[in-house]
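Let's take a walk through a protein model, one piece at a time. Have the structure open beside you and follow along.

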Amino acid sequence: MSVTIKSEKEIELMREAGRILAIVHEELKEFVRPGISTMDIDKKGYEIIKSFGCIPSFLHYNGYPASICVSVNDEVVHGIPNKKRILRDGDIVSLDAGVIYKGYHSDAARTWAVGEVSKEAKRLMEVTEQSFYEGMKYAKAGCHLYDISAAIEDYVVANGFSCVRDLVGHGIGRELHEDPQIPNFRQRRRGPKLVPGMTLAVEPMVNIGRPEVCWLDDDWTVVTEDETLSAHYENTILITDGEPELLSIRKK
């Protein structure tokens, strides 16, 4: 495992990539509503990313055909936008997006309600997002990588849900996916020690039902095996001498 430590110059570029990606998600949140297609979301996301002079990280990545991964209800991640897939009141939709700014990536995901959703769906989204922040309590120099993983799963399980085990977070920088892999579930060991300058994409994927998933015939879309709802929350973070810096959230 070779984890890259970013220089101050690289960190500044990743800060800007993250700032832009935060805006992309803010604007897409306002765009999501019943009656639009998942393809509409992808087109909107592409336009926003290009308006900042950036490149979508996902477009053509390993053959993926779109800029925004749009996953609805029981789709966990990597849903392919489709003009015939129309969002309906009560759906939840997970948007995973990345941008490349001057050669450096930022990666983040959000799950949004479409119109009025069930109490269970709302709670799933809240627990998924909070599980990320439970992990962030251990995203500090001197802690270990899998301390983050354990905190995420412990919170999710305590709330009656499950963490997907077949997909993990990752390091990020010049490449979209770098070492290390970051599980969202407890490991037997604590993993590598965290040091300032590490940049990580931490991304809990949480199911209402069981953790098992399967891939659809398009070889991209991952769905829950038991067809229950799934939510996704992700940010690109920087390990510092103190609290982690969340690069893909705009500072208030």
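Before we start, one bit of vocabulary: two strands count as paired if DSSP finds at least two bridges between them. Keep in mind, too, that this is a predicted model.

Now for the sheet. It's an open one with 5 strands, and they come in the order β8-β7-β9-β14-β15, paired in the antiparallel sense. Look at the two ends of that order: β8 (178–182) and β15 (245–246) are the edge strands, and each has a single partner, so one side of each has no neighbour in the sheet. What holds strands together in general? Strands of a sheet pair through backbone hydrogen bonds, which can be parallel or antiparallel.

Let's zoom in on one pair. Strand β7 (residues 169–171) runs antiparallel to strand β9 (residues 199–202), and 2 bridges link them. If you find His 170, its bridge partner in β9 is Ala 201.

The sheet has helices packed on it as well. Helix α3 (residues 119–136) touches β9, β14 (235–238) and β15, and its direction makes about 10° with that of β14. Helix α4 (residues 145–158) also packs on the sheet, touching β8 and β9, with its direction at about 35° to that of β8.

Last stop: the largest pocket, which holds about 410 Å³ of space. Which residues are closest to its centre? Among the 21 that line it, they are His 78, Val 168, His 170, His 177 and Glu 203. The strands join in here too, as β7 and β8 each supply at least two lining residues. Sorted by class, the lining has 10 nonpolar, 6 polar and 5 charged residues.

Definitions and conventions. Residues numbered from 1 in each chain as written. Predicted model: local features only at pLDDT ≥ 70, side-chain atom pairs only at ≥ 80, totals over all residues. Heavy atoms only, no water. Helix = DSSP H or I, 4+ residues; strand = E, 2+ residues; numbered from the N terminus. Contact = heavy atoms within 4.5 Å. Axes fitted to C-alpha atoms, helices over the stretch in contact; angles between N-to-C directions. 1 Å grid on protein atoms, 1.4 Å probe; cavity = no way out; pocket = protein on both sides within 12 Å on 5 of 7 lines; lining within 4 Å. Points joined across faces, edges and corners; volume = space filled by probe spheres on them. Nonpolar A, V, L, I, M, F, W, Y, C, P; charged D, E, K, R; others polar.
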